Amino acid sequence: MMHTPSIFLIAPALALGIIGGVVSAHASAFGVALAALYGLLGVALALLAVVSRDAMFRARGLLLAVALLSAGIGALRFVADDTPAHPALARAVGSAVIVEGVVVEDPDRRADVAYLIVAAESLRESGGAVAASGRIRVSVPRYPEYRYGDRLRIKGTLEKPEAFLDEATGRMIAFDRMLRAQDIRFALRAADVVRIAADAGNPIVAVLSDTKHALLLRTARVIDEPAFAFLAGVTLGEKGGLGNAWRERFARTGLSHVVVLSGYNMTIVADWIGKALAWAWPSVRISGGITAIALFAVMAGGGAATVRAAIMAAIVLVARTRGKEDVATRALLYAAAAMVLVSPRIALDDLGFQLSFLASLGLIHLAGPLEQLLSSIRLRWIREVAATTLAAQIAVLPLILGKMGIFSLIAPIANIAVLPFIPFAMIATFATALCAFLVPPLAFVPALVAQTLAEGMLALVSLFSALPFAAVRVPEIPSALVAIFSAGLCVAVIRAGSRVRSRQAPRSN
């Protein structure tokens, strides 16, 4: 009888192979040759497995052959993405230019500057105008404001993004690679901007963007700073309002993930939603949780990173509700492989994607066992928050140490103290925005609640960050070691969770 691996093994091997092929092609300079090597090894191993009389070797050989062949596909996908920039833009680097193009993402507005992602359509130099295509990160003054879909004529000097030294951590930030993961290859500091037309983008995305900023505008009228900047980040994904001093405080306390609507944050919120609806049928808990996650994603503008985070958060919610950790792990792996196929560079260069994946894995496999280990904590909500927080932070620890260089000693306590208030703050902020839209005189009621909660959480962050032992700097860790430690921790997390669940499973007589 022919022994072959089941689909439950083949599909994960396929997904792991794709991710591995993309990562190895990204980390090497061999490109097509590497893809060909994977393909040849996969075909050779498949042939050996088919003719082998050893059933075990046949099954394992076919499984490894699938992984190698899919790694070849992943490597080819990275090669296909690794195309040269448009020659007109590449030649103009360092020159004064006039670019015409459309704002294709929701603007990232900071205190005194805004960053626009512009899809270039034409480029004018001293020699005249030529067609050009490519995404450019344009820095403009905070005011006047520009919107998604604006067609602009921008004058400035075209540059290539470069890595820079972060003085706070002493780490080199691979800013060029971070932007390249978003298909952005050029930067432009605008000296002059002229709006040519409006509403040149996707009308659905435009409605989402306009709705988000209308909510922010009305909320800002009834909630004071810095509480508003904090709540805007937590609830609607706004990035730049708090400033460097507050960002440093959040980093020292291990709370950076709550400042924006990140995947790390969303996966934890997804778990809370499931617990808040614990009284309902599983289908109701899942439907309610996914609806809430989708609402957060839509209100945050529905960008690619937000959608990726929402998908992973939904997987965590289903896993924690149904108790199907193994199924959820496979679903998470398939989702990650699909995301990497769509955008290959996120595997190594998108910290948000990496944090989302690892935090999701930690919540799926560690949150339940940790809650059992913390059974001595009598108050259930404290026990659940502690377990959820520790599960996510254990899973992302190697990545945090390697990428950020800060080890927060106070993080577990700070997270347990602050995170329980986040859902209530989010609800109060949404209620404030809706009241400001529908019944403006009543908006001050939920605004008072939101403001009080935000100021209380910010006070806790200040208190914890001021402690002399709150955080320590760690030496720079090579990226390869970070990857190895993270992969090893993933395996350890899955095995640890499986062992605890097997001990808890009822034994048959």
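Colleague: Let's start with the strands. Which residue stands opposite Y115 in strand 4?

Modeller: Bear in mind that this is a predicted model. Strand 3 (residues 113-125) and strand 4 (residues 128-141) run antiparallel, joined by twelve bridges. Across from Y115 in strand 4 you'll find S139.

Colleague: And what sits over the ring of Y115?

Modeller: Look for a charged end here, 3.8 Å from the centre of the ring. The residue that brings this charged end is R137.

Colleague: How many bridges join strand 1 to strand 3?

Modeller: Strand 1 covers residues 96-103, and strand 3 covers residues 113-125. One link you can look up is V103, with V118 as its bridge partner in strand 3. The two strands run antiparallel, and the number of bridges joining them is six.

Colleague: What about strand 2: which residue of strand 3 stands opposite R109?

Modeller: Strand 2 (residues 108-109) pairs with strand 3 in the antiparallel sense, over two bridges. The two form a hairpin with three residues between them. Opposite R109, in strand 3, stands A114.

Colleague: On to the aromatics. How many aromatic pairs are there, going by ring centres within 6.5 Å?

Modeller: For Phe, Tyr and Trp rings, the centres have to lie within 6.5 Å to make a pair. By this rule the count of aromatic pairs comes to three.

Colleague: Take F164 and F175. Is that pair stacked or edge-to-face?

Modeller: The ring centres are 5.9 Å apart and the planes stand at 65°. Planes over 60 degrees apart count as edge-to-face, so with that angle the F164 and F175 pair is edge-to-face.

Colleague: How many residues apart in sequence are the parts that this pair ties together?

Modeller: F164 belongs to strand 6 (residues 164-166), while F175 is in helix 5 (residues 175-180). F164 itself is partly exposed, at 38% relative accessible area. Since one ring is in the strand and the other in the helix, the pair ties together parts whose separation in sequence is eleven residues.

Colleague: What sort of aromatic pair do W246 and F250 form?

Modeller: Both residues are in helix 8 (residues 243-252), four residues apart, which separates them by about one helical turn. Their rings are 6.3 Å apart, centre to centre, with 50° between the planes. Stacked needs under 30 degrees and edge-to-face over 60, so this pair is tilted.

Colleague: Which other residue do ring pairs link into a cluster with W246 and F250?

Modeller: W246 also has R249 over its face, at 4.4 Å from the ring centre, but that's an arginine lying over a ring. The cluster linked by ring pairs holds W246, F250 and F230. So besides the two helix 8 residues, the residue to look for is F230.

Colleague: Is F250 buried or exposed?

Modeller: Anything under 20% relative accessible area is called buried. W246 meets that with 14%. F250 has a value of 1%, so F250 is buried.

Colleague: Where do the buried residues of helix 8 lie around the axis?

Modeller: The residues in question are W246, F250 and R252. They pack against helix 7, strand 9 (406-408), helix 18 and strand 10 (471-473). Because they cover an arc of only 165° around the axis, they are on the same side of helix 8.

Colleague: How many residues does the largest nonpolar core have?

Modeller: F230, F250, V258 and I422 have the most contacts inside this core. Elements giving two or more residues to it include helix 7 (227-236), helix 8 and helix 17 (422-438). A second, separate core, including V340, A359, L370 and V396, has 37 residues. The largest one has 38.

Colleague: One last residue, A417. Which residues does it touch, leaving out those up to four places away in sequence?

Modeller: A417 lies in helix 16 and is partly exposed, with a relative accessible area of 22%. I382 is 35 residues away in sequence, and its C-alpha is 9.0 Å from that of A417. The residues A417 touches are L460 and F464.

Conventions: Residues are numbered from 1 along each chain as its sequence is written. This is a predicted model: local features need pLDDT of at least 70, side-chain atom pairs count only at pLDDT 80 or more; totals for chains, interfaces and linings use all residues. Side-chain values use heavy atoms; hydrogens and water are left out. Rings of Phe, Tyr and Trp (its six-membered ring) pair if their centres lie within 6.5 Å; planes under 30 degrees apart count as stacked, over 60 as edge-to-face and the rest as tilted. Buried means under 20% relative accessible area, exposed over 50%, partly exposed in between (1.4 Å probe, protein chains only). A charge sits over a ring if NZ of Lys or CZ of Arg is within 6 Å of the ring centre and within 35 degrees of the ring normal. A nonpolar core is a set of buried Ala, Val, Leu, Ile, Met, Phe, Trp, Tyr and Cys residues joined through side-chain atoms within 4.5 Å. The arc is that of the directions from the helix axis to the C-beta atoms. Contact means heavy atoms within 4.5 Å. Two strands pair if DSSP finds at least two bridges between them.
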